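Thanks, everyone; I would like to take a few minutes to go through the ligand site and then the cysteines. Please have the structure open while I talk.

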Amino acid sequence: MASATQLLLSVVTATLIFYVGKFIRHRHFYSKLPGPPHDFLWGHLKLYSETLALFPPQSHFQVVVTTIARKYNLPGLFYMDLWPLGPEQLIIADPALATRYVTGRILPKHHRLSEYLNPILGEGNIITSNGARWKRLHDMLAPAFSSAHVSRMAGMIAQDVKIFHDILRDLANSGKPFRLQDKITALAFDIIFRAIYGSSSSAQTQGNDDLDCLDAVASAVVTARETWNPFKMRDMAHNGASAAKSLDYSITTKIRTRFDALKQDSIDDTLCFMFMLLSTHPDVVGKLRNEHNRVYPSDVETTLSVLEINPQKLNELDYTTKVIKETLRIYPIGNTGRAPDVPGPITYKGKQYPTKKNTLICPVQHTWHMDEAVFPNPDNFDPDRFTGMDRASQIAWRPFERGNRGCLGQTLAMDEMKMVLVLTIRYFDLKCYGLKPNEKPRVPWTNMDLVFGDRAFQEFTTEAKPRDGMMMTAARVKTG
Ligand code: HEM
């Protein structure tokens, strides 16, 4: 009996020694690497959570990384030791290094992305796949998003955007505040549905069950991520699975892998932030209106016809493109997470930086998009900064990421956002509703919250979303 107890004690002691040894080796390894102050007990966990607490609830981690990079003056590349709650991260904050490592090579997507996104996007989706599976999906989807195909679809897209225009007109007539995000999400869903299946989903006018199911899956996964309560986690897993089952049932007649692309709601996030920024920049709105009046007829019906007949005219919208680019510079919707293809050092400025099999390589666009050295006065919404911009800054703009794993939907997204602006900005003034500007800035690198309150900070759901659905009011622009 005594020997059984001794045996048990030895096993417990050996296990303890093993884990303490592992802990010490791990923390020691990261304490020697470039990064913010490292705590032997907490690694960077405490710093991370203290920095996150500076922001409103559920803020996107990219603002945490930017704050830490700025506070501790960490240019280029640094490590975040979030073990055991998260993988150790190698943050890339230099766009040139991102170009070298993410554009130049196809580093595999990190398994953490699959763990988080697969419950929402489905197993084997293009965003988290690697290798032959990704190649097959990419080759299948790429023609649907080519410039030529998007151009052919422009007329159909314009019709959906016109429905959005009509909805705004009714809202302007009513004067009632509304959640802009809901309206734009339905628009984006209609368009992408049409792009892939060639028919309308009528999400804007009648609502759509598939869209509701998508929302339910995403919201269950996000709630499960935010809670420590095991019962709530279980309930959310159940809710998410049953919404996903309904969705799968509803799309059995459609090609599942293509459906994955529907889960891109990045366009509506971007448009919400664009209208938010425009609401306080009448000078930018004036320039947009001038450009649209120069390229298109003044009335909405004839403009719609031109959009349908001659979609190439969208390429003449130089300033409009800059407005979209500037919005995505300040509010990128998220970033990629890669794993080293072969664990080994990354060479940067002549020095070598180690990676392990599990290291999450994270180029954080937001951090260099808000870097004074790359984009001067980064907190200013200034579309004209893209005029005559030097090559380094041009390449540093990477909200769609770049290279083989860059966004397939970029052309579609840009064209859609241009059409939305063309069919709205000359006809409506949109104003933020219920803003509560902060009295002092939450963090030193932005004053946006002095104007927009906590809405200035993107919320982390599946990507970087607007807070509270971006409540707005619309008013019709007086002509003559
Ligand atoms: C403003 C709008 C958009 C932004 C900012 C954006 C951004 C991105 C980013 C950053 C990635 C890389 C993700 C990663 O590496 O983990 C990506 C990938 C992708 N995006 Fe987008 N996206 C947008 C709209 C769209 C749209 C409308 C579609 C299509 C319906 C789309 C389809 C895709 C696909 C299929 C990929 C995966 C490409 C691959 O892995 O080969 N995106 N997007």
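**The ligand and its surroundings**

A polar side-chain atom of Lys 109 sits 3.1 Å from an oxygen atom of the ligand, which we call a polar contact, meaning a pair of N or O atoms within 3.5 Å, where within protein one must be able to donate a hydrogen and the other to accept it, and residues adjacent in sequence count only if both atoms are side-chain atoms. Before going further, I should say that this is a predicted model, in which local features need pLDDT of at least 70 and side-chain atom pairs count only at pLDDT 80 or more, while totals for chains, interfaces and linings use all residues. Residues are numbered from 1 along each chain as its sequence is written, and side-chain values use heavy atoms, with hydrogens and water left out.

Going back to the contacts, a polar side-chain atom of Trp 134 lies 2.6 Å from an oxygen atom of the ligand, and for Thr 336 a side-chain N or O atom is 2.6 Å from a ligand oxygen. In total, 27 residues surround the ligand, a residue being near if one of its heavy atoms lies within 4 Å. By class, this shell has 16 nonpolar, seven polar and four charged residues, where Ala, Val, Leu, Ile, Met, Phe, Trp, Tyr, Cys and Pro count as nonpolar, Asp, Glu, Lys and Arg as charged, and the others, Gly among them, as polar.

What, then, is the donor from the protein to the iron atom of the ligand? It is a single one, the SG atom of Cys 407, 2.3 Å away, with donors taken as N, O and S atoms within 2.8 Å of the metal (3.2 Å for Na, K and Ca); water is not among the atoms, so sites may look incomplete. Cys 407 counts as partly exposed because its relative accessibility is 35%, the classes being buried under 20% relative accessible area, exposed over 50% and partly exposed in between, with a 1.4 Å probe and protein chains only.

**The other cysteines**

The structure holds zero disulfides, a disulfide being a pair of cysteine sulfur atoms within 2.5 Å. The sulfur of Cys 272 has its closest cysteine sulfur in Cys 432, 9.9 Å away, and this is too far for a bond. Cys 272 is buried, since its relative accessible area is 0%, and Cys 432 also counts as buried, because its relative accessibility is 15%.
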